[in-house]
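I opened my notebook to look through a structure, one helix at a time. Come along and check each entry on the screen as we go.

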Amino acid sequence: MNRQTRLLQYLQDDLALPQDALSLANRFQDRTATQIPIILWQYGLLNIEQLGQIYDWLASV
């Protein structure tokens, strides 16, 4: 499983983001795993604390 797929799984399982948010992230398939959280945050689908959690998670994988 690549890093982006693992990130989307984390967003769904651990942060319980709705399917609509994950669909938005999937539209940006040419984006890297580190850009997806920023895109979701810009659309208001993540708060700043969740954004920090995601980057902590990314640093650990």
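These entries start with the first helix, move to its partners, and end with a few single residues.

**Entry 1: the model itself.** I noted before anything else that this is a predicted model.

**Entry 2: helix α1.** I began with α1, which covers residues 3–13. Which of its residues are buried? I found Q4, L7, L8, Y10 and L11. I then asked why they end up on the same side of α1: they cover an arc of only 160° around the axis. Next I looked for what they pack against, and I wrote down α2 (19–27), α3 (36–42) and α4 (48–60). I also checked the start of α1, where a side-chain oxygen of N2 comes to within 3.1 Å of the backbone nitrogen of Q4.

**Entry 3: α1 with α2.** I looked up how these two helices are placed. Their axes are 10 Å apart, and the packing angle is about 165°. That makes α1 roughly antiparallel to α2, since an angle over 145 degrees counts as such. I added that the crossing of α1 and α2 is right-handed. Then I listed who meets whom: from α1 come L8, L11 and Q12, and from α2 come Q19, L22, A25 and N26.

**Entry 4: the loop after α1.** I stopped at A16, which sits in the loop between α1 and α2. Is A16 buried or exposed? I read a relative accessible area of 58% for A16, so it is exposed, the cut-off being over 50%. I underlined its backbone too: A16 has a positive phi of about 50°, although A16 is not a glycine. I also tried a distance from here, and found the C-alpha atoms of A16 and E49 to be 14 Å apart in space, with their positions 33 residues apart in sequence.

**Entry 5: α1 with α4.** I went back to α1 and turned to its pairing with α4. Here the axes come within 11 Å and cross at roughly 140°. That makes α1 oblique to α4. The crossing of α1 and α4 is right-handed. For the meeting residues I wrote R3, R6, L7, Y10 and L11 on the α1 side, and Q53, I54, W57 and L58 on the α4 side.

**Entry 6: I54.** I picked I54 in helix α4 for a closer look. I54 has a relative accessible area of 0%, so I marked it as buried. What is I54 in contact with, leaving aside its neighbours within four places in sequence? My list reads L7, Y10, L11, L15, P37 and L46. I checked one of these partners by distance: the C-alpha atoms of I54 and L7 are separated by 8.2 Å, though the two residues are 47 apart along the chain.

**Entry 7: Q50.** My last stop was Q50, which is also a residue of helix α4. Its relative accessible area is 19%, so Q50 is buried, as the limit is under 20%. Leaving aside neighbours within four places in sequence, I found Q50 in contact with L15 and L45. I flipped back a page and saw that L15 is on the contact list of I54 as well.

Note on methods
Residues numbered from 1 in each chain as written. Predicted model: local features only at pLDDT ≥ 70, side-chain atom pairs only at ≥ 80, totals over all residues. Heavy atoms only, no water. Buried < 20%, exposed > 50% of the residue type's maximum accessible area, 1.4 Å probe, protein only. Helix = DSSP H or I, 4+ residues; strand = E, 2+ residues; numbered from the N terminus. Arc of directions from axis to C-beta. Contact = heavy atoms within 4.5 Å. Polar contact = N/O pair within 3.5 Å; in protein donor to acceptor, adjacent residues only side chain to side chain. Axes fitted to C-alpha atoms, helices over the stretch in contact; angles between N-to-C directions. Parallel < 35°, antiparallel > 145°, perpendicular 65-115°, else oblique. Left-handed = near helix turned anticlockwise from the far one by under 90°.
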